[in-house]
Amino acid sequence: MENWSLVSVCVLLGLTTRWAVSFSSYSGAGKPPMFGDYEAQRHWQEVTYNLPVQEWYFNTTDNDLGYWGLDYPPLTAYHSLLCGHVAKLINPAWVELRTSRGFESAAHKLFMRTTVLFADILIYFPAVILYCIYLSDGSSKRKVATALCILLYPGLILIDYGHFQYNSVSLALTLWGIVGLGLGWNLLGALAFSLALNYKQMELYHSLPFFCFLLGKCIKQGLMGRGLLLLVKISLTVLVTFALCWWPFLSDPQLILQVLHRLFPVDRGLFEDKVANTWCSLNVLIKIKTLLSRDTQLLLSFALTLLSILPSSIKLLTKPTLWQFKLALVNSSLAFFLFSFQVHEKSILLPALPVCLMMNELPLMAVWFLLISTFSMLPLLLKDGLLLPYTVTSLAFLYLGVYLLSALDRSPEEELRLGSCHKRMQNYLSKHNLSLLVKCSFTVSLVAMAGLSFTSVVLEPPARLPDLFPVLVSVFSFLHFLAMLLYFNLVQLTEPSSKKSQKKTN
Amino acid sequence: MIAEWSWFVALAFGVSFIKCLLINAYHSTDFEVHRNWLAVTHSLPVSQWYYESTSEWTLDYPPFFAWFEYGLSHFAKYFDKEMLVVQNLNYASPATVLFQRLSVIFTDLVFIYAVKECCKCCREDKGKDLLGKSSFILATLLLWNFGLLIVDHIHFQYNGFLFGVLLLSVARHFQKRHLEGALLFAVLLNLKHIYLYVAPAYGIFLLRCFCFTQNNADGSLQWRSFSPLRLVALGLIVLSTFAVSFGPFIVKGQLQQVISRLFPFKRGLCHAYWAPNIWALYNIADKALSILGVKLKLLDMSKFSKASMTGGLVQEFQHSVLPSVSPLITLICTLLSILDAPDSLFAYNIYLSIIFVKKMKTPFLKALFTLFPTTELPIKILLMLLFTIFSFSSLTKLFSKSGPLLNSVEVAYLLGLVPLELICEFVYPLTSWQHTLPFIPLLLTSVYCALGVLYSFIRLYLSVLAAPSTTGKAKSQ
């Protein structure tokens with residue numbers, strides 16, 4: 001079969017899966033007074049459509065920030081404005097100021113789901129296809145298989161088309177950034193990532209690798225000549241992009257400060273709910289939330305995050321290749337997820353994106369990580385009534401990963417990319433045994449995930465420990481994420497710096 | 001052996017995953033039909049099955065299907081006992097929906113098994129890569145037949161299971177296990193009597209290939225090789241199957257009632273279950289005449305009840321028969337074209353599939369802007385595109401030697417479906433005729449599709465008639 005038809009089939013399968021998941025319920029369905037993220041997005045359409053720009057981020061009589069106040073950067077607001085205009089054309093009641101609060105109907109759900117699909121088709125799908133065709137190794141069948149697996153990653157589908165969010169927009173823009181930088185279109189890459197940052201501030205998790213990669217490239221081209229010129233051009237691109245996005249707010253420093261205050265709510269504490277990161281898991285043993293003061297918590301989190309991303313960033317700076325870049329993206333975003341302030345469980349999608357890009361080179365580890373990332377959001381998905389799509393998409397993804405990418409066949413030493421580290425390990429563990437160990441751990445992990453999922457649904461937690469299952473899920477996921485962080489750091493840092501010892505790296 | 005079939009397992013799992021995702025999609029009245037039958041067969045004794053009429057959806061399938069529902073009902077009680085209460089009309093709790101959907105997905109295993117058996121009969125394609133093998137293409141086109149997916153897993157029917165039985169019987173014939181094939185077909189007829197219209201062709205085929213044991217050198221019939229023993233064996237199998245099925249009802253003296261349920265002759269109108277798309281053309285004539293009749297004051301509008309207008313009857317017929325029939329045609333075409341029949345059949349398979357989706361949409365046009373069907377519209381379009389792209393692509397590869405698959409007229413016809421679709425779904429509803437002549441889109445679609453299907457049928461017959469010796473040889477091998 002020709003390539004174009006194979007790619008079309010993948011795209012159609014991806015779209016079909018997404019739309020089928022969208023039949024399910026959304027966050028906060030039928031749950032007044034606050035509802036959920038779905039209502040938040042609808043409310044932003046209402047606010048941005050009816051109020052002038054200057055009032056969007058302020059607490060006014062018309063704009064109650066306590067009821068889903070805007071807490072994303074301006075690009076999200078502009079997107080909501082666009083959707084609001086379309087909504088007004090179809091049914092003005094959907095965005096009527098104040099009276100449309102809590103509006104729910106089948107037609108409205110169809111409209112909202114369509115906006116997500118539209119954004120996906122426009123931005124996310126082309127980015128994935130381009131990445132797989134131009135920046136992925138292997139035969140064309142392998143590239144298409146990779147594309148299919150990326151498009152069917154359950155976590156993103158369940159959150160965007162189930163819970164309801166627009167993560168695919170910011171992740172797609174980041175992916176465009178990666179594709180741009182990978183193909184040597186540095187300015188486009190910088191532009192795309194700046195837009196991503198202006199869409200969701202969580203993309204800051206990815207910002208250090210982008211910075212180091214670009215800086216590294218400039219240094220390689222010589223800081224006194226072409227490198228400096230490139231640096232200036234990139235900086236200008238970024239500055240202009242930011243200026244354009246923040247244009248309506250540039251007139252008054254108060255506006256900018258207020259927006260920043262909304263974007264980075266340091267008052268909300270170290271963490272909320274159950275999330276699979278260090279602080280929440282540590283809290284199970286030591287109540288650090290109450291033990292340490294808020295300032296100490298901030299400092300501790302900042303210090304640990306910085307410490308964990310420093311080695312990876314420095315390595316990237318010295319060796320700015322695409323492979324190092326992807327690894328750095330994983331390491332940076334995973335470190336932020338584990339150690340940063342006010343992390344939500346949905347932020348796991350940020351490390352998930354670069355891990356998706358590694359499905360070709362490290363199929364087993366990538367599939368493992370992506371399955372755990374979906375599993376870590378189980379309590380949220382159960383609250384939203386997404387058990388069926390969760391089960392089906394996770395099983396399908398596992399099956400595809402094992403069958404199409406031969407994840408289980410390719411776990412010998414070279415494939416794990418542990419390089420020189422493994423040579424030292426060979427004193428204790430032969431190649432065969434390592435591969436066996438990894439496969440066994442993977443299987444055990446899968447069984448545990450299935451078991452925990454089953455018990456979370458079927459069993460009632462004991463009265464003394466009502467949060468037992470969410471806690472178990474987060475701690476289990478946390479341990480995996482920590483191990484993955486160590487693993488990916490090992491892979492990145494043990495890669496030889498000289499060009500002679502490069503084999504399959506890019 | 002396992003590695004050889006791993007691609008088949010992947011295809012089967014893949015389509016099953018999609019089916020699971022569609023569990024919460026819209027379902028039509030057929031869902032209630034089957035729930036009612038579950039309730040009737042579970043709660044009432046056999047003697048009441050064909051008399052029960054609390055619900056308007058009375059049992060109108062042959063006894064084996066009733067027993068099938070009875071068997072299912074024993075699993076149903078673990079999901080939700082309330083669905084088995086006959087009085088609970090339109091009961092559709094989440095557990096009920098889950099059970100019913102899962103039952104379709106599980107019984108599809110019969111279909112999957114049958115497809116595997118058919119693939120084993122495909123010609124060997126050594127040296128070709130997987131995506132070019134005829135067995136792979138056949139399996140994909142059958143397992144992922146989007147018409148079947150839409151009807152069974154969105155609207156709700158058990159066609160996959162029934163097609164599976166039919167396909168299995170055909171596969172058995174190709175494997176020279178003729179008696180098994182005949183038995184399976186007899187069972188099928190007692191599951192859903194619609195397949196009666198395939199029975200003549202099937203019977204003649206059996207007669208030709210099984211009862212006449214030898215062929216002449218040039219492939220033509222050797223009349224003297226007729227084997228009465230074989231004919232008797234076939235007869236015995238068929239008769240005993242029918243005896244098991246209808247026996248209990250004959251003993252109770254209920255045969256008349258059962259037949260009247262199976263073949264509802266309303267007001268003397270006989271439903272011929274063959275060539276159902278002829279009804280589309282009949283529809284127009286009927287509608288035109290009735291309007292003319294009203295205008296000329298020959299007919300009185302007030303006397304038109306739903307049952308008296310033949311248009312209404314045909315609509316009901318279309319609703320019950322068409323969903324089953326059109327995918328069947330496409331499946332048969334697919335099968336025939338892969339298994340050594342004229343290449344051109346394959347093209348018509350795509351034709352019919354696309355036309356089928358148009359046909360399936362007509363009930364929605366009737367329902368006008370109820371949102372439920374519209375939510376499922378993207379899925380239908382996506383699945384159709386998926387199927388079409390795959391078909392075209394793989395067929396082109398398979399039959400590249402025999403020239404382009406469709407000539408320009410045919411391509412133009414297929415492309416014409418797009419503007420037709422746009423007019424019917426989007427443009428027409430905005431015009432003023434929507435209120436006075438609401439059936440025009442329905443009519444347009446039916447006529448356009450009927451023309452396409454008739455054209456395909458005629459060309460099909462011509463191509464089969466034009467190459468008798470090659471097909472005869474293939475069957476006698």
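How many aromatic pairs does the count come to over all chains? The count is 43 aromatic pairs, and one of them appears in the last view below.

This is a predicted model, where local features need pLDDT of at least 70, side-chain atom pairs count only at pLDDT 80 or more, and totals for chains, interfaces and linings use all residues. Residues are numbered from 1 along each chain as its sequence is written, chains are lettered from A and ligands numbered from 1 in the order in which they are written, and side-chain values use heavy atoms, leaving out hydrogens and water.

**View 1. Two annotated spans of chain A.** The unreviewed UniProt entry lists residues 227-249 and 434-459 of chain A among its "transmembrane region" spans; such annotations may be inferred rather than shown by experiment. Residues 227-249 are 83% helix and 0% strand, with end C-alpha atoms 33 Å apart. For residues 434-459 the figures are 96% helix, 0% strand and 36 Å. Helices here are DSSP runs (H or I, at least four residues), as strands are (E, at least two).

**View 2. Helices α17 and α22 of chain A.** The axes (lines fitted to C-alpha atoms over the stretch in contact, with angles from 0 to 180 degrees between N-to-C directions) of α17 (residues 363-376) and α22 (residues 431-458) come within 11 Å and cross at roughly 15°. The two helices are therefore roughly parallel (angles under 35 degrees).

**View 3. A tilted aromatic pair.** Phe369(A) and Phe481(A) have ring centres 5.5 Å apart and planes at 50°. Rings of Phe, Tyr and Trp (its six-membered ring) pair if their centres lie within 6.5 Å; planes under 30 degrees apart are stacked, over 60 edge-to-face, and the rest tilted. Phe369(A) sits in α17 and Phe481(A) in α23 (residues 468-493), 112 residues apart.

Notes:
Parallel < 35°, antiparallel > 145°, perpendicular 65-115°, else oblique.
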